[in-house]
Amino acid sequence: MKPKRMILWAVAALMMPSTVMAEKVKIRVSNDEKVQRQEVVEVDAAAVYKQMGIRQGEPFVVKNALGQEVGYQLTYDGKLLIDAAVRPCGTAEFTAEPGKPQPAKVFVTGRQYPERVDDIAWENDRTAYRIYGPALQRSGERAFGVDVWLKNTPDLEVEGRYKTELSNHSQIQALRAAGKKDEAFAVEIATTYHFDHGYGLDCYKVGPTLGCGAPALMDGKDLLLPYCYESYRILDNGPLRFTVEVTYPAVEVKKDKSVVEHRIISLDKGSNFNKMVVWYDGLSKARDLAAGVVIHAEDTESVVLGKNFVSYADPTDNPNAQNFQIYVACLFPEGNVETRKLIEKKPAPGTVGHAIGVLKDYKSGQKFTYYFGSAWSKNDVRTQREWQVRIEEFLNALDQPLQVSVL
């Protein structure tokens with residue numbers, strides 16, 4: 001070949017789409033444990049792009065060992081997420097290759113609801129959660145911690161619940177104003193998310209407490225609870241993981257008047273537990289940091305304190321009428337906390353205190369990671385004993401993670 005033609009050929013090769021020279025990449029997920037595993041795994045997205053020979057951001061598909069295309073997610077922090085089932089002491093293989101993926105089924109999602117006093121609510125195929133925003137704080141209502149919404153369906157429910165709830169407020173108020181209390185109650189009981197219509201409800205009491213899993217600095221034996229979040233960024237929004245970053249305004253700490261709290265919360269498909277990463281800026285000295293769950297006065301006996309977890313069978317906002325339980329827990333896989341009951345001198349109405357894990361001598365800027373979550377006795381966890389098994393299996397999975405290789 002003449003030199004001029006060789007140069008032209010080389011230039012043409014460089015100008016060809018990268019997918020022409022791209023390759024299939026195998027992703028292997030290995031399970032060293034003697035138990036079945038089903039969870040969302042993280043793969044280094046940059047390594048997958050590099051192995052395929054395509055630029056980051058170019059489309060690709062992921063297929064399982066049967067050749068079926070499976071949904072995946074690329075996260076804000078450079079991870080490729082795949083929902084993997086791996087049998088005991090087995091492996092599961094996936095293939096990534098250039099191509100246009102089909103729309104993936106969404107199992108996890110969330111958003112801010114300015115139409116409902118700035119709630120941020122999110123859900124997966126097991127349960128739902130929410131935290132409270134600036135508009136609620138301005139109203140004077142005192143709701144500080146993390147709320148739990150119960151589900152017994154894998155379908156996404158939160159959007160519909162808000163829509164139905166809010167669309168009937170004006171009608172209910174008008175009927176009450178007209179003295180038609182029975183008619184108002186009939187509309188409310190048929191539409192509100194505080195009643196179960198066959199797929200779940202909101203009957204968890206939060207108020208000025210940690211609720212299910214919120215963190216708080218401590219002043220001696222007292223919790224310095226934050227109020228509502230001040231700003232937020234949704235970092236991931238499905239189909240397999242939801243991640244939100246929120247900041248809370250200055251916490252009233254003696255001698256430290258500008259302590260700002262940061263949280264990154266994420267929830268994966270199929271999981272009963274959220275991951276929480278929390279840190280504080282502006283502390284002038286080390287302080288104890290706690291996270292946990294509120295203990296309601298109707299049941300003070302079903303608290304379980306483990307070395308690296310606290311759990312509780314919450315009796316709901318109406319134990320005699322509901323006749324079921326909400327299982328809640330905080331897990332501390334790093335084992336760096338002291339777990340205990342905190343019985344408070346002036347607890348919030350209807351409560352006696354909290355079950356907490358305490359990180360001693362927390363320093364400003366230090367990131368503290370733990371997990372919080374819930375289950376419902378009318379859904380996939382029928383008893384507190386089953387909840388304990390779920391906790392132990394989740395902690396074991398964190399301690400013995402599935403091994404992921406890009407080949």
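How many bridges join strand β9 to β10, and do the two strands run parallel or antiparallel? Keep that in mind for the second stop. The model on your screen is predicted.

**Start with everything shown**

Display the protein as a cartoon. Its secondary structure comes to 8 helices and 25 strands. The C-alpha atoms fill a box of roughly 90 × 55 × 45 Å along the principal axes. Now switch on the surface. The protein exposes about 19800 Å², and carbon and sulfur atoms supply 51% of that area. Of the 407 residues, 49% are buried. Look at the contacts between residues at least 6 apart in sequence: 68% of them join residues at least 24 apart.

**Stop 1: V117, on the way to β9**

Select V117. This residue sits in the loop between β8 (109-113) and β9. Check its backbone: phi is near 45°, a positive value in a residue other than glycine. V117 is partly exposed, with a relative accessible area of 26%.

**Stop 2: β9, β10 and β11**

Select residues 119-123 for β9 and add β10. Here is the reply to the opening question: 4 bridges join the two strands, which run antiparallel. Follow the chain from β9 to β10 and you pass through a hairpin of 4 residues. For one bridge pair, pick A121, whose partner in β10 is R130.

Now show the side chains of β10, residues 128-131. A128 and R130 point one way from the strand, and Y129 and I131 point the other way. Are these residues buried or exposed? All four are buried.

Next add β11, residues 147-149. β10 and β11 pair in the antiparallel sense over 3 bridges. R130 comes up again here, standing opposite D147 in β11. So R130 is a good residue to label: A121 of β9 is its bridge partner, and D147 of β11 stands opposite.

**Stop 3: P239 and a cis peptide bond**

Select G238 and P239. The peptide bond from G238 to P239 is cis, with omega near 10°. P239 has its place in the loop between β14 (231-237) and β15 (241-253). At 12% relative accessibility, P239 counts as buried, because the cut-off for buried is under 20%.

What does P239 touch, beyond its neighbours within four places in sequence? Show Y72, Q73, A104, K105, V106, F107 and V108; P239 is in contact with each of these. Then draw a distance from P239 to G282. The two are 43 residues apart in sequence and 36 Å apart in space, C-alpha to C-alpha.

**Stop 4: the sheet that holds β1**

Colour the strands β4, β3, β7, β1 and β25. They form an open sheet in the order β4-β3-β7-β1-β25, with antiparallel pairing. β4 (69-70) and β25 (403-406) stand at the edges; each has a single partner strand, so one side of each is left without a neighbour in the sheet.

Zoom in on β1 (residues 25-30) and β7 (residues 91-98). This pair is antiparallel, over 6 bridges. Select R28 to find E93 of β7 opposite.

**Stop 5: the sheet that holds β18**

Now colour a second set: β13, β12, β18, β23 and β22. Their order in this open sheet of 5 strands is β13-β12-β18-β23-β22, and the pairing is antiparallel. Which strands stand at the edges? They are β13 (222-224) and β22 (338-343); each has a single partner strand, so one side of each lacks a neighbour in the sheet. Turn the view to see the twist. Neighbouring strands are turned by 45° against each other on average, direction ignored.

Focus on β18 (residues 287-296) and β23 (residues 351-362), which pair in the antiparallel sense over 9 bridges. Pick I295 to see one bridge: its partner in β23 is G353.

**Stop 6: two sites with exposed residues**

Select F185, I189 and F195. These residues make a nonpolar surface patch of about 250 Å². F185 lies in helix α6, residues 181-191. With a relative accessible area of 45%, F185 is partly exposed.

Finish at N323, in the loop between α7 (319-322) and β21 (326-331). N323 is not a glycine, yet its phi is positive, at about 60°. At 66% relative accessibility, N323 counts as exposed, because the cut-off for exposed is over 50%.

Definitions and conventions: Residues numbered from 1 in each chain as written. Predicted model: local features only at pLDDT ≥ 70, side-chain atom pairs only at ≥ 80, totals over all residues. Heavy atoms only, no water. Pairing = 2+ DSSP bridges. Axes fitted to C-alpha atoms, helices over the stretch in contact; angles between N-to-C directions. Patch = residues over 30% accessible without salt bridge, like charges linked within 9 Å, V, L, I, M, F, W, Y side chains within 5 Å. Areas by Shrake-Rupley, 256 points an atom, 1.4 Å probe, with all protein chains shown as cover. Salt bridge = Lys/Arg side-chain N within 4 Å of Asp/Glu carboxyl O. Buried < 20%, exposed > 50% of the residue type's maximum accessible area, 1.4 Å probe, protein only. Contact = heavy atoms within 4.5 Å.
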